[in-house]
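Me: I would like to go through a model feature by feature. Please show me how to read each one.

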Amino acid sequence: PIYQDRFFLAGLLFGVRALLPSFAPLSGDSELFVAACMSLVELNRLEPLQESLKRDIAQGILRIPAPRVPQSCAAWARVIGVVFHGDARPDDADFQQLGDRAGKVVTGAIRQALGREGWSAFLSEATAALKHLCDGSAVSPSAALLAEIRELAA
């Protein structure tokens, strides 16, 4: 919690964009990565992120492979869920492609985690992230991916 408080405070003082460069380097340290991710989630709760910022976060978080530690992977999926959740529906083709890519990346991570002990927290977060994509809150995945997502999220 102390690291999360520090990331939250930094994001509050300097803006969420100031946190973005720290995600990739921290992905190898589960405790710090989870703290950075969860502070971003909390900052979004405090004040919903702007669509341009969501696009930047999506580009950054999708460059990071699904972490191999369940807790880190759950935080990673939660950030993806936050990025693609919301009432705005950007017409931006890049954002649409990011949504499709997010669906593919998260479904791939789910396939790897299925049946593995200790991964239930990740699976629930990943399912929530996929539901945001399925609901069309922000993007509309391709028909084939949508069918696969619905099957995995069921």
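**Reading the features**

Reply: Start with one residue: at 56% relative accessibility, Leu46 counts as exposed, because exposed means over 50%. Leu46 sits in helix α3, which covers residues 30-46. Keep in mind throughout that this is a predicted model.

Me: What does the chain hold in terms of helices and strands?

Reply: The protein chain has eight helices and zero strands. Read from the N terminus, the order of elements is α-α-α-α-α-α-α-α.

Me: What percentage of the residues in the protein chain is buried?

Reply: Of the 154 residues in the protein chain, 47% are buried. The cut-off for buried is under 20% relative accessible area.

Me: Which residues make the nonpolar surface patch?

Reply: Leu9, Leu12, Leu13, Phe14 and Leu46 make a nonpolar surface patch of about 570 Å². Helix α1, residues 2-14, gives the largest share of this patch, with four residues. Leu46, in helix α3, is also one of the patch residues.

Me: Where is Leu9 placed, and what is its relative accessibility?

Reply: Leu9 belongs to helix α1. Its relative accessibility is 46%, so Leu9 counts as partly exposed. As for its surroundings, the C-alpha atom of Leu9 is 8.5 Å from that of Ser39, and the two residues are 30 apart along the chain.

Me: What can be said of Tyr3 in the same terms?

Reply: Tyr3 also has its place in helix α1. With a relative accessible area of 32%, Tyr3 is partly exposed. In sequence Tyr3 and Val34 are 31 residues apart, while in space their C-alpha atoms are 9.1 Å apart.

Me: How should I read a pocket, and what is the volume of the largest pocket here?

Reply: The general idea is that rolling a probe the size of a water molecule over the atoms shows where empty space is left. In this model the largest pocket has a volume of about 210 Å³. Its lining consists of Gly11, Leu12, Gly15, Val16, Arg17, Leu43, Leu46, Glu47, Pro48, Leu49, Gln50 and Leu53. Two or more lining residues come from each of the elements α1 and α3.

Me: How many residues of each class are in that lining?

Reply: The lining of the largest pocket has seven nonpolar residues, three polar ones and two charged ones. Leu12 and Leu46 are among the lining residues, and both also belong to the nonpolar surface patch.

Me: Next, salt bridges. How many does the structure hold?

Reply: In general, side chains of opposite charge can pair when their charged atoms come close. The structure holds five salt bridges. The cut-off is a side-chain nitrogen of Lys or Arg within 4 Å of a carboxyl oxygen of Asp or Glu.

Me: Which residue forms a salt bridge with Glu42?

Reply: Glu42 pairs with Arg45, and the closest N and O atoms are 2.6 Å apart. Both residues lie in helix α3, three residues apart, which is about one turn of the helix. Glu42 is partly exposed, with a relative accessible area of 27%, whereas Arg45 counts as exposed at 53% relative accessibility.

Me: How far apart, N to O, are Lys54 and Glu51 in their salt bridge?

Reply: The N to O distance between the side chains of Lys54 and Glu51 is 3.9 Å. These two residues are three apart in helix α4, residues 51-61, so about one helical turn separates them.

Me: Is each of these two residues buried or partly exposed?

Reply: Lys54 is buried, because its relative accessible area is 5%. Glu51 counts as partly exposed at 25% relative accessibility.

Me: Where is Asp100 placed, and which side chain does it meet in a salt bridge?

Reply: Asp100 has its place in helix α6, residues 93-113. Its side chain meets that of Lys104 in a salt bridge, at 3.5 Å from N to O. Asp100 and Lys104 are four residues apart in helix α6, about one turn of the helix.

Me: Why does Asp100 count as buried?

Reply: Asp100 counts as buried because its relative accessibility is 16%, and the cut-off is under 20%. Along the chain Asp100 and Leu133 are 33 residues apart, and their C-alpha atoms are separated by 8.5 Å.

Terms used
Residues numbered from 1 in each chain as written. Predicted model: local features only at pLDDT ≥ 70, side-chain atom pairs only at ≥ 80, totals over all residues. Heavy atoms only, no water. Buried < 20%, exposed > 50% of the residue type's maximum accessible area, 1.4 Å probe, protein only. Patch = residues over 30% accessible without salt bridge, like charges linked within 9 Å, V, L, I, M, F, W, Y side chains within 5 Å. Areas by Shrake-Rupley, 256 points an atom, 1.4 Å probe, with all protein chains shown as cover. 1 Å grid on protein atoms, 1.4 Å probe; cavity = no way out; pocket = protein on both sides within 12 Å on 5 of 7 lines; lining within 4 Å. Points joined across faces, edges and corners; volume = space filled by probe spheres on them. Nonpolar A, V, L, I, M, F, W, Y, C, P; charged D, E, K, R; others polar.
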